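Let's walk through this protein together, starting with the whole chain and then turning to a few residues. Keep the structure in view as you read.

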Amino acid sequence: MIAETVCSAVAAAGLGIAVVTAYRKRYLTATRIAAYALVPLGLVMTGVVEWLADTAFSLTAWVGFGVLGLSWLLFATTRTVERRRGGTRKERKAARESAAPAATAPGASAPALGQAPSRGQSPAPRQEPAAQGDDDFSDIEAILKKHGI
């Protein structure tokens, strides 16, 4: 009830200032002041001021604002995490499938095909696995020699 009285008094004072301004032949400014002065009166007449006063002193309303804030925080957090990970679950799965190399053997760590020589160049000579000094490939080398490859 006090808020409605204050808003009505502010509206009346604003309209008085608008009348004085119009008397000084500043009609555009007077109209603008009158428009601003009528806003509090309109808010009182529509019941917005009463609703705001009831909301401001209601514990349930403040808890509701807290729940809305928590909801917004959760949305913002999930969006930030999603941007850092690179999209949704479907987008990440599609990216993994497209990034899988097509020319690799099931147990290989690198593609089985080498780089093709550019035009005018002869292919690079292959080095024997034994010449590299890797003992990891000795089993594979033995199998290849057994089959005459």
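Contact means heavy atoms within 4.5 Å. Residues 24 or more positions apart account for 28% of the contacts in the protein chain with a separation of 6 or more.

Please keep in mind that this is a predicted model, where local features need pLDDT of at least 70, side-chain atom pairs count only at pLDDT 80 or more, and totals for chains, interfaces and linings use all residues. Residues are numbered from 1 along each chain as its sequence is written, and side-chain values use heavy atoms, leaving out hydrogens and water.

**The whole chain**

The protein chain has seven helices and zero strands; helices (H or I, at least four residues) and strands (E, at least two) are DSSP runs, numbered from the N terminus. Of its 149 residues, 9% count as buried. Buried means under 20% relative accessible area, exposed over 50%, and partly exposed in between (1.4 Å probe, protein chains only). The accessible surface of the chain comes to about 13,200 Å², and 64% of that belongs to carbon and sulfur atoms. Such areas come from the Shrake-Rupley method with a 1.4 Å probe; for residues, only the protein chains shown count as cover.

**Three residues to find**

| Residue | Helix | Relative accessible area | State |
|---|---|---|---|
| Thr 21 | H1 | 12% | buried |
| Val 48 | H3 | 33% | partly exposed |
| Thr 46 | H2 | 60% | exposed |

Which residues does Thr 21 touch, not counting those up to four places away in sequence? They are Arg 26, Thr 29, Ala 30 and Ile 33. A polar atom of the Thr 21 side chain also lies 2.8 Å from the backbone oxygen of Ile 17. For Thr 46, a polar atom of the side chain lies 3.1 Å from the backbone oxygen of Leu 43. An α-helix has 3.6 residues a turn, so residues three or four places apart point the same way.

**Helix H4**

Helix H4 covers residues 59–85. Its 27 residues should span 39 Å at 1.5 Å a residue, and its end C-alpha atoms are 39 Å apart, which agrees. The expected span is 1.5 Å times one less than the number of residues. At the start of H4, a side-chain oxygen of Ser 58 reaches to within 3.4 Å of the backbone nitrogen of Thr 60. Just after H4, Gly 86 takes a positive phi of about 100 degrees.

Definitions and conventions
A polar contact is a pair of N or O atoms within 3.5 Å; within protein, one must be able to donate a hydrogen and the other to accept it, and residues adjacent in sequence count only if both atoms are side-chain atoms.
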